[in-house]
Amino acid sequence: MTIAQTSTAYAAPFGELDALTIGTVAVPGQTRYDALVSPWNLAIPVRPAAVLAAHDAQDVVEAVRFAARHGIRVTPQATGHGPMADLTTELLVTTKELDEVVIHPEGWARVGAGVKWLKVVEAAAPYGLAPLSGSITDVGIVGYTTGGGLGPMARTYGLASDKVRAIEVVTGDGELRRVTPTEHPDLFFALRGGKGMLGIVTAIEFDLVRQPRFYGGSLWFDGDDAATVIERWLHWSDDLPELGTTSIALFQLPDMEGVPPMLAGRLTLSVRFVWTGSAEEGERQFAAMRAAAPVILDDVADKPYAAIDSVHTDPLDPTPAYEAGEVLTDFPAEAVDALLALTGPGVASPQILVEVRQLGGAFARPGEHPSAFASRAAAYSLLIVGISEIPGVEDHAAAILDALAPWVGGHRLPNFTFTPEEYVDAYDEVTLARLRRAIRTYDPDGVMTIGGVLA
């Protein structure tokens, strides 16, 4: 394939990069470009001057060194679930092809940067093991984990980043490093919670947990009962042991193929639940929620860990989504009233999903090794998802955030940041100072785009 020798936007000879690497280099107008740059969220315009689909770690090294020579910045993209359009304008390096998966039966895994959670879930299951995967196993491991990794078992086991043993990363100075608690500990701190701030991860190793099964899923109520159910959920979850992790979500699901008829075209409320102890105890713990109001769909049961996606029921297909979020210090009755006034029964809300997750438990406790994740004090997380093409969806999301402002506090979850400005808000001043020091050490020329946000 002939690569344009010079980018009109950045005057970089991408033909040189093509000659140095095994993977595919593409620029706008070429056949593979759109497929390589397209993220999961189709509403985000990812249009870099060039993209490299790295074949191996050495390709990543060559890309970072090329960028340094020609004065351009690099943005990593693993599986495309967390892009920011403002940060993907120059060279995008995608690591989708780094697909190594190795399960060690004694309880840990090694994966390449392009691997999604589903492969690890399936590979670990025969050993009775499970990873701390996300709310959907179609999400990539690296972006999720380097952003902390808040999953459906977080109150029991903490964050995915707390389970990391080692990270292999090409830092902004063009060096491939193996990073552990004892090798480059400052980098080990920064990579776990700092997202792609300092380099491009090529492989990651992490501990698994012995969790062959769980008791959980989603329990659905009519939207008219939302106030009653949420009140019960708040009192019930206050006393929930750490073996349980739960959230609620208001849904406005369209009447389309794949949506159960009893949920389509109406406001519903889903109570999500994961119990990591015995199914018998989980059923006893959840009985109070089953009695909260008439149930329209009950999918809470004893399940293999491979069924973990049934808890949050997130969509698989790429979607043009508008997303917003915050963390909350509390979620009292007044906050519930403010939320339902904009999203509850009788309200024409344009949002498909409005979710509140209870945090605390193991999530709130620091891991064995310090990390850049600075949101542990949050009591709840709030996530709003709408279809970007629906008129007024952004203004409505802003109104929800304004209504809940009295209870907003603390630092954002790195994986729930959607603009560069929000990204900075994910860290306290001490953590920001440590991150900036690491950037000066490992990316002195400012090659990594995300690191430039902190400059």
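This is a short tutorial dialogue on reading features in a predicted model.

Q: Let's start with sheets. How do strands in a sheet pair?
A: Strands of a sheet pair through backbone hydrogen bonds, and the pairing can be parallel or antiparallel. In this model, one open sheet has five strands in the order S5-S6-S10-S8-S9, paired in the antiparallel sense. Its edge strands are S5 (101-104) and S9 (176-179), each of which pairs on one side only. From one strand to the next, the twist averages 15°.

Q: Which strand is joined to strand S8 by seven bridges?
A: Strand S10 (residues 199-207) is the partner; S8 covers residues 164-171, and the two run antiparallel. To see one place along this pairing, find Val170, which stands opposite Ile200 in S10.

Q: What lies across S8, S9 and S10?
A: That is helix H3 (residues 57-70), which runs at about 45° to S8.

Q: Is strand S12 mostly covered or mostly open, and how can I tell?
A: Count its buried residues. Strand S12 (residues 213-222) is mostly covered, with nine of its ten residues buried.

Q: Which strands pair with S12?
A: Let's take them one at a time. With strand S14 (residues 266-275), S12 pairs in the antiparallel sense over eight bridges; here Gly217 stands opposite Phe273. With strand S16 (residues 301-304), the pairing is antiparallel over four bridges, and Gly216 stands opposite Ala301. Strand S15 (residues 295-298) is joined to S12 by three bridges, again antiparallel, and Leu219 has Asp298 as its bridge partner there.

Q: What should I know about side chains on a strand?
A: In a regular strand the side chains alternate between the two faces of the sheet.

Q: Now for helices. Which residues of helix H12 are buried?
A: In H12 (residues 393-403), the buried residues are Val393, His396, Ala397 and Ile400. They cover an arc of only 100° around the axis, so they sit on the same side of H12. On the other side of H12, Asp395 and Asp402 are exposed. Reading a helix this way means asking which side each residue faces.

Q: What covers the buried residues of H12?
A: The cover includes S17, helix H11 (333-343), strand S18 (351-358) and strand S19 (380-387).

Q: How many aromatic pairs are there?
A: There are 14 aromatic pairs in this model. Take Trp117 and Tyr144 as a worked case: the ring centres are 5.7 Å apart and the planes are at 90°, and because planes over 60 degrees apart count as edge-to-face, this pair is edge-to-face. Trp117 lies in helix H4 (residues 117-124) and Tyr144 in helix H5 (residues 141-146), so the pair ties together parts that are 27 residues apart in sequence.

Q: Are Trp117 and Tyr144 buried or exposed?
A: Both of these residues are buried.

Q: Which residues form one aromatic cluster?
A: Look for Tyr215, Trp236, Phe273, Trp275 and Phe286, which together form one cluster. You have met Phe273 already, opposite Gly217 in the pairing of S12 with S14.

Q: Where does a charged side chain lie over a ring?
A: There are two cases to look at. Arg165 lies over the face of Trp108, 4.3 Å from the ring centre. The charged end of Arg434 sits over the ring of Phe189, at 3.6 Å from its centre.

Q: Which residues other than glycine have a positive phi?
A: His184 is one of them, with phi near 55°. His184 is in the loop between S9 and helix H7 (185-191), and its relative accessible area of 31% makes it partly exposed. Thr313 is another example, with phi near 50°. Thr313 lies in the loop between helix H10 (309-312) and strand S17 (321-328), and it counts as partly exposed at 35% relative accessibility.

Q: Why does Asp162 count as buried?
A: Buried means under 20% relative accessible area, and Asp162 is buried because its value is 18%. Asp162 lies in the loop between helix H6 (154-157) and S8.

Q: Which residues is Asp162 in contact with, leaving aside its neighbours within four places in sequence?
A: Those contacts are Arg365, Gly367 and Arg376. For distance in space, consider Phe251: it is 89 residues from Asp162 in sequence, and the two are 31 Å apart, C-alpha to C-alpha.

Methods. Residues numbered from 1 in each chain as written. Predicted model: local features only at pLDDT ≥ 70, side-chain atom pairs only at ≥ 80, totals over all residues. Heavy atoms only, no water. Pairing = 2+ DSSP bridges. Axes fitted to C-alpha atoms, helices over the stretch in contact; angles between N-to-C directions. Contact = heavy atoms within 4.5 Å. Phe/Tyr/Trp six-rings, centres within 6.5 Å; stacked < 30°, edge-to-face > 60°. Buried < 20%, exposed > 50% of the residue type's maximum accessible area, 1.4 Å probe, protein only. Lys NZ or Arg CZ within 6 Å of the ring centre and 35° of its normal. Arc of directions from axis to C-beta.
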